[in-house]
Every structure is written in C-alpha cells, then in structure tokens.
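Trainee: Hi! Could you teach me how to read a structure, one feature at a time?
Mentor: Happy to. Let us open it and begin with charged side chains.

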Amino acid sequence: MMKENLEKGILLISCPDKEGIVAAVSTFLFSNGSNIIHSDQHSTDPVQGHFFMRIEFSHPHLNDQLAVLKEAFDETAKPFKMEWSITVSSKKPRLAIFATKEDHCLQELLWRWQLGELHADIAMVISNHLDFKELTENAGIPFYHVPVTKESKPEATTEHLRLLKAHRVATIILARYMQIIPEELIHLYHNEIINIHHSFLPAFIGGNPYQQAFDRGVKLIGATAHYVNAKLDEGPIIEQDITRITHRYNVTDLKRHGKDIERIVLYRAVKWHLEKRVIVHGNKTIVFQ
C-alpha cells in the first residue's frame, strides 16, 4: 500500500485571547486529516490580552487542497476574530534584494542562499550603482541598475514597481540600501520589506549612526533588522544584536565590527520571516523560535 503524499504547512494565528482557541484549532486540523508536527503559542495577558500561535502540520495533498482548507478554516476562525494564514512549506517565496555600495549584507544573503539556508528564490538584485553587477550575475541572479537621484526618484519608483511585478516578488530585503523607500512601495509590500539598520534601535535613528555612536561615547554598538513602515527606522523590530567596544575604537573600527553584526542580524530576520516565524502585532513582533 502506497503512503499518502504528505505536504507540510504552517498556520499562523493572531486574535483576542479567550478560552477554547487551541481546542478549536486542534479539532479542525484533526477533522480535516492533518497531523500537528510542532506547535508554539503566546498570550500577552490571560485576561484581556492577545493570543498568537504557530503550528507546523502535515496534510495529504495540501498543495492541491489548500483553497478548500482555507475556506473551511475560515468558519473556525470567525468566532475568535482571528487574523490567520495557511501556507505550504515547500513553496519558496520570491525575494528581491536592494543594495547600494556596502556589500557585506548582500554577500551574506547570497552565501546563505547558495548553502540552502534561505528557503526562497532570489528573483533579482536591484541597485542604484553598478558595483554588484558581476557579483550578482556570477551567482546566477538577474541584476538591475536603477539610478536614483532627487529628480529621478518618481521614475525610479515606477521602474522598481515594474520589475517587482514582472518577477512576482513577494518580499523585499534592503541589504544596506541607502535610499528612502517611497510610501507607495511600503503600502504595496506591507510587512514584506525588511531593512537592516546599523545601530541598536531606537538609538541613533537615521543617517551615520556609527558617527553618532562614536560622538556619544557608547560602550556597546549593535544592529537592528526591522520591517519598513512610513516612519524612518521605526518599523516593527524582528532581530537585534550587539558587541562591546572600547574607548580605543574610532569610527572606522566601529564600522568594521558593526558589519559582522549587521550581516548575521539581517540573515536571521530574513530566515525567520521566510519560515513564517514572525507575527506582527501593532509595532511589535512575536518571533517563534
């Protein structure tokens, strides 16, 4: 007898906390032929709080029956006022990476992708400079040069949107892309644009944070990966890390040490986003490990 073709899926749930959520979800999955592989949950407050849940499950022929399963689950979700999503684990989201002239974050993402550590298809790299054309094309990824000046920004945005649509991009990664993202793009890719900021936010928002850190005489520097919203460097934080420095360090030293943190923090944030481990709630995130 042949084994059923089991596909793995991920169910994410966010809703007001109340009794019976776990029972209702578990009953639904069982009654629809699914098997729970792993489950994580978090409640902000047992009385008037919010409830979050991530479930990995297997289901016979999930890819073929996904639409039917979603329609059925909506009836379970409505009484609990759930915001939810069901995705097929085997499907790889398509990424676009935006970069400028600093290559360390781009290099890290390409390396991790080549090692199979990022569950995604990198559809393209977009840059406002030509520095990364050879690097990108050597990795077998299309490269697009879209210059951006104050005068040409509307035209650049139009070209970005055209490329993103043509390549069916689901998520945008800003790998030290040193341009302000227009609101049109932020609205279209709500909570699907991840940026790396080279400071431990909320400290040193905006430009030249290493100089700001040096001027302030801090003893710790860090990096922050966050979703992009309309407020500069104030989107929901996904991941952060720090390293200790001393009075002997100049700004160049800070930048050198900071690059190591930036690259790993961005990689972790992208990986967790792709694995559907992040739920955004207001301006905060729940990150299931």
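Mentor: Start in helix α8, where Asp 253 and Arg 256 both sit, three residues apart, about one turn of the helix. Keep in mind as we go that this is a predicted model.

Trainee: What do Asp 253 and Arg 256 form?

Mentor: First the general idea: side chains of opposite charge can pair when their charged atoms come close. Here, Asp 253 forms a salt bridge with Arg 256, and the closest N and O atoms are 3.1 Å apart.

Trainee: Is Asp 253 buried or exposed?

Mentor: To decide, look at the relative accessible area: buried means under 20%, exposed means over 50%, and partly exposed is in between. Asp 253 has 16%, so Asp 253 is buried. Arg 256, at 47%, counts as partly exposed.

Trainee: Which residues are joined into one network by salt bridges that share partners?

Mentor: Arg 54, Glu 56, Lys 271, Glu 275 and Arg 277 are linked in that way.

Trainee: How many salt bridges does a search of the whole structure find?

Mentor: The search finds 16. Let us look at another one, in helix α3. Glu 108 and Arg 112 both belong to that helix, four residues apart, about one turn of the helix. Their salt bridge has its closest N and O atoms 2.8 Å apart.

Trainee: Let me try the accessibility step. Glu 108 has 5% relative accessibility, so Glu 108 counts as buried. Arg 112 has 14%, so Arg 112 counts as buried.

Mentor: Nicely done. Now try a salt bridge between separate parts of the chain: the side chains of Glu 262 and Arg 176 meet at 2.7 Å, N to O.

Trainee: Why does the pair of Glu 262 and Arg 176 tie together parts of the sequence?

Mentor: Because Glu 262 lies in helix α8 and Arg 176 in the loop between β8 and α6, the pair ties together parts that are 86 residues apart in sequence. Glu 262 counts as buried at 0% relative accessibility, and Arg 176 counts as buried at 8%.

Trainee: Next, helices. At what angle do α1 and α2 pack?

Mentor: To read a packed pair, take the angle between the helix directions, then the distance between the axes. Helix α1 (residues 21-31) packs against helix α2 (residues 62-77) at about 150°, and their axes are 10 Å apart. Angles over 145 degrees count as roughly antiparallel, so α1 is roughly antiparallel to α2. Their crossing is right-handed.

Trainee: And how do α3 and α8 pack?

Mentor: Helix α3 (residues 104-114) meets helix α8 (residues 251-274) at an angle of about 45°, with 9 Å between their axes. That makes α3 oblique to α8. In this pair too, look at the handedness: α3 passes α8 in a right-handed crossing.

Trainee: What about the surface? Which residues make a nonpolar patch?

Mentor: Ile 180, Ile 205 and Leu 232 make a nonpolar surface patch of about 270 Å². Take Ile 180, found in the loop between β8 (171-174) and α6 (183-188). Its relative accessibility is 53%, so Ile 180 counts as exposed.

Trainee: Where is Lys 78, and is it buried or exposed?

Mentor: Lys 78 is in the loop between α2 and β4 (83-88). At 52% relative accessibility, Lys 78 counts as exposed.

Trainee: How should I read sequence separation beside distance in space?

Mentor: Put both values next to each other for a pair of residues. The C-alpha atoms of Lys 78 and Leu 188 are separated by 26 Å, with the two residues 110 apart along the chain. For His 160 and Leu 66, 94 residues apart along the chain, the C-alpha separation is 31 Å. His 160 is found in helix α5 (residues 153-166), and with a relative accessible area of 6% His 160 is buried.

Trainee: What separates the C-alpha atoms of Leu 201 and Ile 237?

Mentor: They are separated by 8.5 Å, and the residues are 36 apart along the chain. Leu 201 lies in the loop between β9 (193-197) and α7 (209-216).

Trainee: Then I can finish: Leu 201 has 4% relative accessibility, so Leu 201 counts as buried.

Conventions
Residues numbered from 1 in each chain as written. Predicted model: local features only at pLDDT ≥ 70, side-chain atom pairs only at ≥ 80, totals over all residues. Heavy atoms only, no water. Patch = residues over 30% accessible without salt bridge, like charges linked within 9 Å, V, L, I, M, F, W, Y side chains within 5 Å. Areas by Shrake-Rupley, 256 points an atom, 1.4 Å probe, with all protein chains shown as cover. Salt bridge = Lys/Arg side-chain N within 4 Å of Asp/Glu carboxyl O. Helix = DSSP H or I, 4+ residues; strand = E, 2+ residues; numbered from the N terminus. Buried < 20%, exposed > 50% of the residue type's maximum accessible area, 1.4 Å probe, protein only. Axes fitted to C-alpha atoms, helices over the stretch in contact; angles between N-to-C directions. Parallel < 35°, antiparallel > 145°, perpendicular 65-115°, else oblique. Left-handed = near helix turned anticlockwise from the far one by under 90°.
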